[in-house]
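Student: I have a protein model open in front of me and would like to learn how to read it. Could we go through it together?

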Amino acid sequence: MKIMIYLSVLAIIVFLYIQNILFLLVTSNSMQPEIVKSDIIVTCKSEYSQNSIVTFRQRDRLVTHRLVDATSMVTKGDSNVERDPHRIYKDQIVGKVCAVIPSGKLIKIIQATITHLNREEVIR
């Protein structure tokens with residue numbers, strides 16, 4: 001039974017990867033209060049516009065900020081005082097944030113999964 005669960009999870013991960021859907025761990029509080037450190041964001045290929053939250057490549061890292069000016073491609077972290085100093089280009093955008101999984105909920109999901117798997121072991 002455990003192997004089936006692991007294979008199912010692997011199949012889901014591969015499917016999401018093929019669909020260009022990424023799960024990313026947030027490592028700063030620049031998007032507070034909407035997104036906080038340790039949340040998981042789900043980034044997908046989707047149309048974006050002014051005020052969309054987008055994930056983009058900046059040098060050797062990914063950054064997730066709000067697109068405050070879609071015409072000139074200027075971004076800003078919600079909790080940052082100033083706009084980001086450099087405009088971005090469309091080819092830098094990885095995707096739009098389409099969901100946020102709060103860190104507390106993720107921990108509960110993991111705990112519930114582990115508890116369920118442990119019950120399966122006891123039943124055998």
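Tutor: Happily! Below we go from the overall layout to single residues, remembering that this is a predicted model.

Student: Which pattern does the protein follow, read along the sequence?

Tutor: Start with the elements themselves: the secondary structure comes to two helices and six strands. Now place them in order along the sequence, and the pattern reads α-β-β-β-β-β-β-α.

Student: What share of the 124 residues is buried?

Tutor: A residue is called buried when its relative accessible area is under 20%. Among the 124 residues in the protein, the buried share is 30%.

Student: And what part of the exposed area comes from carbon and sulfur atoms?

Tutor: The protein exposes about 8700 Å². Of that area, carbon and sulfur atoms supply 59%.

Student: How many of the contacts between residues at least 6 apart join residues at least 24 apart in sequence?

Tutor: Here we count contacts in the protein between residues at least 6 apart in sequence. Of these, the share that joins residues at least 24 apart is 48%.

Student: Let's look at the surface. Which residues form the nonpolar patch with about 780 Å² of accessible area?

Tutor: One member to look at is isoleucine 18, found in helix H1, which covers residues 2-18. Its relative accessibility is 59%, and a value over 50% counts as exposed, so isoleucine 18 is exposed. The patch is formed by Ile3, Met4, Leu7, Leu10, Val14, Tyr17 and Ile18.

Student: Is histidine 65 buried or exposed?

Tutor: Histidine 65 lies in strand S4, residues 61-69. Setting aside neighbours within four places in sequence, histidine 65 is in contact with several residues, among them Ser30, Ile53, Phe56 and Asn80. Its relative accessibility is 7%, and the limit for buried is under 20%, so histidine 65 counts as buried.

Student: With which side chain does the side chain of histidine 65 make a polar contact?

Tutor: Asp84 is among the residues in contact with histidine 65. The polar contact runs from side chain to side chain at 2.7 Å, and the partner is aspartate 84.

Student: Now for charges. Which residue forms a salt bridge with arginine 66 at 2.9 Å?

Tutor: The distance of 2.9 Å is between the closest N and O atoms of arginine 66 and its partner, glutamate 34. Arginine 66 lies in strand S4 and glutamate 34 in the loop between strand S1 (22-25) and strand S2 (40-44), so the pair ties together parts that are 32 residues apart in sequence. Arginine 66 is buried at 15% relative accessible area, whereas its partner is partly exposed at 46%: glutamate 34.

Student: Which residues are joined into one network by salt bridges that share partners?

Tutor: A search of the whole structure finds two salt bridges. Besides the bridge to glutamate 34, arginine 66 meets aspartate 78 in a salt bridge at 2.8 Å, N to O. Aspartate 78 lies in the loop between strand S5 (74-76) and strand S6 (93-101) and arginine 66 in strand S4, so this pair ties together parts that are twelve residues apart in sequence. With shared partners, the network joins Glu34, Arg66 and Asp78.

Student: How many disulfides are there?

Tutor: Two cysteines are worth finding: cysteine 44 is buried at 13% relative accessibility, and cysteine 98 is partly exposed at 44%. A disulfide needs a pair of cysteine sulfur atoms within 2.5 Å. By this rule, the count of disulfides is zero.

Student: Where is the cis peptide bond that has omega near 5°?

Tutor: Look in the loop between S1 and S2, where proline 33 is found. The cis bond, with omega near 5°, runs from glutamine 32 to proline 33.

Student: Which residue other than glycine has a positive phi near 55°?

Tutor: Take care here, as asparagine 51, in the loop between S2 and strand S3 (53-58), also has a positive phi, but of about 75°. The residue you want is found in the loop between S3 and S4. At 73% relative accessibility it counts as exposed, and with phi near 55° it is arginine 59.

Notes. Residues numbered from 1 in each chain as written. Predicted model: local features only at pLDDT ≥ 70, side-chain atom pairs only at ≥ 80, totals over all residues. Heavy atoms only, no water. Patch = residues over 30% accessible without salt bridge, like charges linked within 9 Å, V, L, I, M, F, W, Y side chains within 5 Å. Areas by Shrake-Rupley, 256 points an atom, 1.4 Å probe, with all protein chains shown as cover. Salt bridge = Lys/Arg side-chain N within 4 Å of Asp/Glu carboxyl O. Helix = DSSP H or I, 4+ residues; strand = E, 2+ residues; numbered from the N terminus. Buried < 20%, exposed > 50% of the residue type's maximum accessible area, 1.4 Å probe, protein only. Contact = heavy atoms within 4.5 Å. Polar contact = N/O pair within 3.5 Å; in protein donor to acceptor, adjacent residues only side chain to side chain.
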